[in-house]
Amino acid sequence: MKKPIIFIVAILLGACGYHLRGALVLPEGMKNIYLQGGSAEFRDQFRIALKSASGNLVNSSAEAGMIINIVGEDMQRRALSLSSRGRSNEFELNYRLQYELVKGDNVKVLERQPVEVRREYFNDQQDIMAKDNEEAVIRSEMYQQAVQNIITRIQVVLQAKAK
């Protein structure tokens, strides 16, 4: 008796356009994207995001429906507070990049846009190895958030231009 109810609820949720939070639905023009520039970490996160949405990060601009030009990218780390021994207790990571969107036929769709992601974390002086790992995880999440911001902006622009 439970299986038919679960099946019916799943069909109804799918029919109303429901999708999991964070799931990307790419417009047809965004299925093949060429990413020009950007760090290896950013490119990896972009590839993962596109793959989860049935998109491809292609190897040349000739294969792409959209080209994203990364104009500038910068990751900065600064100490926010110091201990009595002069060591950093708290850090702030600031990731900035600028990008522009071009269609495959070299028509600019979106002028230069900034993206900024900022995170803070506590630096435990007793467990330095774990904090290095934590910083790597935070940086990865920052790249993910930047990718999500870029894709969401592009979706909005493409939908607005389609109307």
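How many bridges join β1 to β3, and do these strands run parallel or antiparallel? In this predicted model, 4 bridges join the two strands, and β1 and β3 run parallel. One point of contact along this pairing is easy to find: L35 has I68 of β3 as its bridge partner. With that pair as a starting place, the rest of the fold can be taken step by step.

The protein has 163 residues, and 32% of them are buried. Its secondary structure consists of 3 helices and 5 strands, which follow one another along the sequence in the pattern α-β-α-β-β-β-β-α. Among contacts between residues at least 6 apart in sequence, 65% join residues that are at least 24 apart. The accessible surface amounts to about 10500 Å², and carbon and sulfur atoms account for 51% of that area.

The strands come together in an open sheet of 5 strands, in the order β2-β1-β3-β4-β5 and with mixed pairing. At the edges are β2 (residues 56-57) and β5, each of which pairs on one side only. Strand β3 pairs with β4 in the antiparallel sense, over 15 bridges. Several partners can be followed along this pairing: N69 stands opposite E100, I70 stands opposite Y99, and G72 has Q98 as its bridge partner in β4. Strand β4 also pairs with β5, again in the antiparallel sense, here over 12 bridges. In this second pairing, N94 is matched with R118 of β5. The hairpin of β4 and β5 has 4 residues between its strands, and N106 in this hairpin takes a positive phi near 65°. Helix α2 lies across β1, β2, β3 and β4, and its direction makes an angle of about 175° with that of β1.

A look at the nonpolar residues adds the next layer to the picture. The largest nonpolar core holds 32 residues, and the members that touch the most others are I33, F42, F46, I68, L97, Y99 and I150. At least two core residues come from each of β1 (32-36), α2 (40-52), β3, β4 (88-103), β5 (108-122) and α3 (128-162). Helix α3 supplies the largest share, with 10 residues. A second core, separate from this one, has 5 residues, including V58, A64, I67 and V102.

Y99 is a helpful residue for seeing how these elements meet. Leaving aside residues up to four places away in sequence, Y99 touches I68, N69, I70 and V71, and its contacts also include L110, E111, R112, Q113 and V115. I150 and R153 are likewise among the residues that Y99 touches. Y99 thus appears both opposite I70 in the strand pairing and among the best-connected members of the largest core, those that touch the most other members.

N69 offers a second viewpoint, this time from strand β3, which spans residues 66-82. Is N69 buried or exposed? With a relative accessible area of 14%, N69 falls under the 20% cut-off and is therefore buried. Its contacts, again without residues up to four places away in sequence, are Q36, Q98, Y99, E100 and V102. One of these, E100, is the residue that stands opposite N69 in β4.

The aromatic side chains complete the tour. The structure holds 3 aromatic pairs. In one of them, the ring centres of F42 and F46 are 5.8 Å apart and the planes meet at 50°, so this pair is tilted. Because F42 and F46 are 4 residues apart in helix α2, about one helical turn separates them. Both residues are buried. Another pair, formed by Y95 and Y143, is edge-to-face, with 4.8 Å from centre to centre and 75° between the planes. This pair links distant parts of the chain, as Y95 belongs to strand β4 and Y143 to helix α3, 48 residues apart. Y95 and Y143 are buried too.

Methods: Residues are numbered from 1 along each chain as its sequence is written. This is a predicted model: local features need pLDDT of at least 70, side-chain atom pairs count only at pLDDT 80 or more; totals for chains, interfaces and linings use all residues. Side-chain values use heavy atoms; hydrogens and water are left out. Buried means under 20% relative accessible area, exposed over 50%, partly exposed in between (1.4 Å probe, protein chains only). Contact means heavy atoms within 4.5 Å. Accessible areas come from the Shrake-Rupley method with a 1.4 Å probe; for residues, only the protein chains shown count as cover. A nonpolar core is a set of buried Ala, Val, Leu, Ile, Met, Phe, Trp, Tyr and Cys residues joined through side-chain atoms within 4.5 Å. Two strands pair if DSSP finds at least two bridges between them. Axes are lines fitted to C-alpha atoms, for helices over the stretch in contact, and angles run from 0 to 180 degrees between N-to-C directions. Rings of Phe, Tyr and Trp (its six-membered ring) pair if their centres lie within 6.5 Å; planes under 30 degrees apart count as stacked, over 60 as edge-to-face and the rest as tilted.
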